[in-house]
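Me: I'm new to this structure, and I'd like to learn how to read its features one at a time. Could you walk me through it?

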Amino acid sequence: MTADTAQSLARLAAERVDHRFKGLPPDADGLTVAELAGQRRNLFTGGFATPVLALSAERLEHNLRLMETYAARHGLAFAPHGKTSMAPQLFQRQIEHGAWGITLAVPHQVRVARAFGTRRVFLANELVDAAALRWIAAELDADPDFELICYVDSVRGVELMDAALRDADATRPVDVVVELAAGEGARTGVRTETECAAVADAVAGTRTLRLVGVAGYEGEVPKADTERVTAWLRRLVALAADFDKAGRFAGLDGIVVSAGGSAWFDAVAEVFAQIPELSLPVLKLLRSGAYVSHDDGHYRKLTPFNRVPEEGALEPAFRLWTQVVSRPSPEQAFVNAGKRDAAYDLDLPFAQAIRRDGTERPATGVSVTALSDQHAWLATTPEADLEVGDWVGLGLSHPCTSFDKWQLIPVAEADGTVVDYVRTFF
């Protein structure tokens, strides 16, 4: 950890707890985050107010270690996507667990990462905003240790980037990778290899940009399955080899080939292991991000570890604790957390546990059927033992829309002891 990063994280620990941070104990107002963490309060008896989202300390560490060893085992560099958590404390832990750097999507996210000393950023988007490019040029010029790689996916985008960087009098070129689209009708990226070459030619015609590789996102492959994803990844590798053969990477120290969301990183590992010898060393850069907390729905079903169980298994680290505030009938109950608190873009939350009088048990016969802004609708079968006042623990689906609803998240050990707090910046 650099001195700048340590100082920035220390400022987070010195932040005062107050009304901005939902779920935290009301009697903690005025304490610093460090002071509150030092009290090691219990999530269930220490004055926390429902709803409150918690991260499992043990499962978080497990996930960090698992992806570190997975990447190392397969010879992959790792730049996990930071838009999942937007939590500089987690960025730092990911880097301490071997990450090459952090992937981000928009300029604001880069500013957050830089504010906390992140030295390597992979920007998985074409950046054509002149104000943001001026700021990035200034960051690159001021800090020779700062490395940034950015997508390009059009000749017009290259022209806009070049104009903005020239206007900013940038002295260091911005490193770029040509983004290969995942197919017709997919999201961003260049559709054909001929168009990729035209974009690369446009980059070569500037002094403000430097082509360092190719990249893309296999999660956008239409009707994705192993065969289709593998075929697209082979196209990406072939594009890198064609660019290398044409001398497009002359003068570099290495070539970047990057892909990898959270659903197909096993295919990425397999295809990247077969990258032929090129004229320079290849940085095989994986960008999966959801692993850090995993989830109880979308990624539990999609994780590649389901296909390769011998490699290990991620563990869902989030649980949203709520409280029953209404039990109007034997078939229905309501808890005090809704769309403002829980991810709902992919799946509804999952009722997992009930706590009463210090005892926790499975949420048998309880399911979430809908969310209002501040309530979850529960359906209950005759076997459900649920009363007003009970705490109900909900599992969540889609980490990327769970983190963004909470600014300060308790990190709790298995017995409920809260040992840290994670600050997010969305």
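**Helices, loops and unusual angles**

Reply: Happily! H1 and H4 cross in a left-handed way. Keep in mind as we go that this is a predicted model.

Me: Which residues make the contact between H1 and H4?

Reply: On the H1 side they are Thr5, Leu9 and Leu12, and on the H4 side Pro88, Gln89 and Gln92. Sorted by character, the residues of this contact are 3 nonpolar, 3 polar and no charged.

Me: And at what angle do these two helices pack?

Reply: Helix H1 (residues 3-13) and helix H4 (residues 88-96) pack at about 140°, and their axes are 10 Å apart. Angles over 145 degrees would count as roughly antiparallel, so H1 is oblique to H4.

Me: Let's try another pair. Are H5 and H6 roughly parallel or roughly antiparallel?

Reply: The angle between H5 and H6 is about 25°, with 11 Å between their axes. Since angles under 35 degrees count as roughly parallel, H5 and H6 are roughly parallel to each other. H5 passes H6 in a left-handed crossing.

Me: Which residues of H5 and H6 meet?

Reply: From H5 come Pro107, Val110, Arg111 and Arg114, and they meet Ala132, Trp135 and Glu139 of H6. This contact of H5 with H6 divides into 4 nonpolar, no polar and 3 charged residues.

Me: Which residues of H5 are buried?

Reply: In helix H5 (residues 107-115), the buried residues are Gln109, Val110, Val112, Ala113 and Arg114. Their cover includes H4, strand E3 (102-104), strand E4 (120-126), helix H6 (130-142) and strand E5 (147-152).

Me: What follows H5?

Reply: Gly117 follows H5, and its phi is positive, near 80°.

Me: How should I read the sign of phi in general?

Reply: Most residues other than glycine have a negative phi, and most peptide bonds are trans. With that in mind, look at Met86: this residue is not a glycine, yet its phi is positive, about 45°. Met86 sits in the loop between strand E2 (77-78) and H4. Its relative accessibility is 0%, so Met86 counts as buried.

Me: What is the phi of His398?

Reply: The phi of His398 is near 80°, a positive value in a residue other than glycine. You can find His398 in the loop between strand E16 (391-395) and strand E17 (408-412). With a relative accessibility of 14%, His398 counts as buried, because the cut-off for buried is under 20%.

Me: You mentioned peptide bonds. Which residues does a cis peptide bond join?

Reply: Thr50 and Pro51 are joined by a cis peptide bond, with omega about -5°. Pro51 belongs to the loop between helix H2 (33-38) and strand E1 (52-56).

Me: Now for single residues. Is Ser288 buried or exposed?

Reply: Ser288 counts as buried, because its relative accessibility is 0%. Its place is in the loop between strand E9 (282-286) and helix H11 (298-302). The side chain of Ser288 reaches the backbone oxygen of Gly261 at 2.4 Å. Setting aside neighbours within four places in sequence, Ser288 has contacts that include Phe78, Pro80, His81 and Phe265.

Me: What does the side chain of Asp162 join in a polar contact?

Reply: The side chains of Asp162 and Thr208 are joined by a polar contact of 2.7 Å. Asp162 is part of helix H7 (residues 155-167), and at 12% relative accessibility it counts as buried. Beyond neighbours within four places in sequence, Asp162 is in contact with Thr206, Arg207 and Thr208.

Me: And where does Arg340 lie?

Reply: Arg340 is in the loop between strand E11 (332-335) and strand E12 (350-356). Its relative accessible area is 48%, so Arg340 is partly exposed. Not counting residues up to four places away in sequence, Arg340 touches Lys22, Asp373, Gln374 and Lys405.

Me: How far apart are the C-alpha atoms of Arg340 and Leu371?

Reply: They are separated by 9.5 Å, while Arg340 and Leu371 are 31 residues apart along the chain.

Note on methods. Residues numbered from 1 in each chain as written. Predicted model: local features only at pLDDT ≥ 70, side-chain atom pairs only at ≥ 80, totals over all residues. Heavy atoms only, no water. Helix = DSSP H or I, 4+ residues; strand = E, 2+ residues; numbered from the N terminus. Buried < 20%, exposed > 50% of the residue type's maximum accessible area, 1.4 Å probe, protein only. Polar contact = N/O pair within 3.5 Å; in protein donor to acceptor, adjacent residues only side chain to side chain. Contact = heavy atoms within 4.5 Å. Axes fitted to C-alpha atoms, helices over the stretch in contact; angles between N-to-C directions. Parallel < 35°, antiparallel > 145°, perpendicular 65-115°, else oblique. Left-handed = near helix turned anticlockwise from the far one by under 90°. Nonpolar A, V, L, I, M, F, W, Y, C, P; charged D, E, K, R; others polar.
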